[in-house]
Amino acid sequence: MLDKNKVAILGMGNGGHAMAVDLKSRGFTVNLFEHPEYAYERRKVFETKIIESVVEIPGIFKMDTVTTDMAEAIDGAGYILIVAPANAHESYAKKLKGIIKKEQTILLFTGGFSSLSFKK
C-alpha cells in the first residue's frame, strides 16, 4: 500500500538535502537514498539520519530512512523524487526498473529530456 505522505528522495546532494528539509518540515515521511559509491560524502547523515538547516527553514530534521538500498528507499512511498544532475537520470531509471510500482509517481528535477530516459 502506498502512502501519499511518504516520499523517497533519490540523491543526497544540496538539492536533495533542501527538499528533504522542506518536506520533513511539512510533516512528510522522508526516505533518502544515495548511491553506495557516494555515501561516504554524506557519512554524518547516514550515521545520525539528521540534517541541520540554518537558512530558510532553520532546525534539526530527522529523516525516517537513509540508505544505499534503492528498494528500501522507495518501499511504500507515494512519490519518488529524483534530485540529481540530468546526466544521472538514466542510471536512476535503470535501477528503478523492476522495483517501482505502477502507482508510484516519479518527479524529476534538474534535468532536461529526462522523461525520455524513464519512458524507455
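Start with the whole protein chain: of its 120 residues, 38% count as buried. Keep in mind that this is a predicted model.

**Stop 1: the whole chain**

Show the chain as a cartoon. You should find five helices and seven strands. Trace them along the sequence and the order is β-α-β-α-β-β-β-α-β-α-β-α.

Now view the C-alpha atoms alone. Along the principal axes they fill a box of roughly 40 × 30 × 25 Å. The radius of gyration is 14 Å, which agrees with the value near 14 Å for a compact globule of 120 residues.

Turn on contacts next. Take those between residues at least 6 apart in sequence: 66% of them join residues at least 24 apart.

Switch to a surface view. The protein chain exposes about 7,100 Å². Carbon and sulfur atoms supply 53% of that area. Then color by charge. There are 16 positive and 14 negative charges, and their mean positions lie 5 Å apart.

**Stop 2: the largest nonpolar core**

Hide the surface and go inside. In soluble globular proteins, nonpolar side chains tend to be buried together.

Select Ile9, Val30, Leu32 and Met63. The largest nonpolar core has 16 residues, and these four touch the most other members. Next, color the elements that give two or more residues to this core: β1 (3-10), α1 (14-25), β2 (29-33) and β6 (77-83). Helix α1 gives the largest share, four residues.

Which residues does Val30 touch, leaving out those up to four places away in sequence? Center on Val30 and show its neighbors. They are Val7, Ile9, Ala20, Leu23, Lys24, Met63, Asp64 and Thr65.

Apart from this core lies another, of 12 residues. Select Ala8, Ala73, Ile74 and Ile80, which are among its members.

**Stop 3: Ala18 on helix α1**

Stay with helix α1 and pick Ala18, which is placed there. Is Ala18 buried or partly exposed? Its relative accessible area is 47%, so Ala18 counts as partly exposed.

Draw a distance from Ala18 to Gly76. The two are 58 residues apart in sequence, and their C-alpha atoms are 22 Å apart in space.

**Stop 4: Ala39 and Thr68**

Move to the loop between β2 and α2, where Ala39 is found. Ala39 counts as buried, because its relative accessibility is 15% and the cut-off for buried is under 20%.

Show what surrounds Ala39. Beyond residues up to four places away in sequence, Ala39 touches Glu34, Phe46 and Thr68. For a longer view, draw the line from Ala39 to Tyr79. They are 40 residues apart in sequence and 22 Å apart in space, C-alpha to C-alpha.

Follow the contact across to Thr68. Thr68 sits in the loop between β5 (65-67) and α3 (70-74). With a relative accessible area of 35%, Thr68 is partly exposed.

Which residues does Thr68 touch, not counting those up to four places away in sequence? The set is Phe33, Glu34, His35, Pro36, Ala39 and Phe46. Check Phe33 in particular. Phe33 and Thr68 are 35 residues apart along the chain, and their C-alpha atoms are separated by 5.5 Å.

**Stop 5: two lysines in loops**

Select Lys49. Lys49 is in the loop between α2 (43-48) and β3 (50-53). Look at the backbone here: Lys49 has a positive phi of about 65°, although it is not a glycine. The relative accessibility of Lys49 is 32%, so this residue counts as partly exposed.

Finish at Lys101, in the loop between α4 (89-96) and β7 (105-109). Lys101 is also partly exposed, with a relative accessible area of 45%.

How many residues separate Lys101 and Glu56 in sequence, and what is the distance in space? The separation is 45 residues along the sequence and 34 Å in space, C-alpha to C-alpha.

Terms used: Residues are numbered from 1 along each chain as its sequence is written. This is a predicted model: local features need pLDDT of at least 70, side-chain atom pairs count only at pLDDT 80 or more; totals for chains, interfaces and linings use all residues. Side-chain values use heavy atoms; hydrogens and water are left out. The radius of gyration is taken over C-alpha atoms; the globule rule is 2.2 Å times the number of residues to the power 0.38. Buried means under 20% relative accessible area, exposed over 50%, partly exposed in between (1.4 Å probe, protein chains only). Contact means heavy atoms within 4.5 Å. Accessible areas come from the Shrake-Rupley method with a 1.4 Å probe; for residues, only the protein chains shown count as cover. Lys and Arg count as positive and Asp and Glu as negative; His and the chain ends are not counted. The place of a charge is taken as NZ of Lys, CZ of Arg, CG of Asp or CD of Glu. A nonpolar core is a set of buried Ala, Val, Leu, Ile, Met, Phe, Trp, Tyr and Cys residues joined through side-chain atoms within 4.5 Å.
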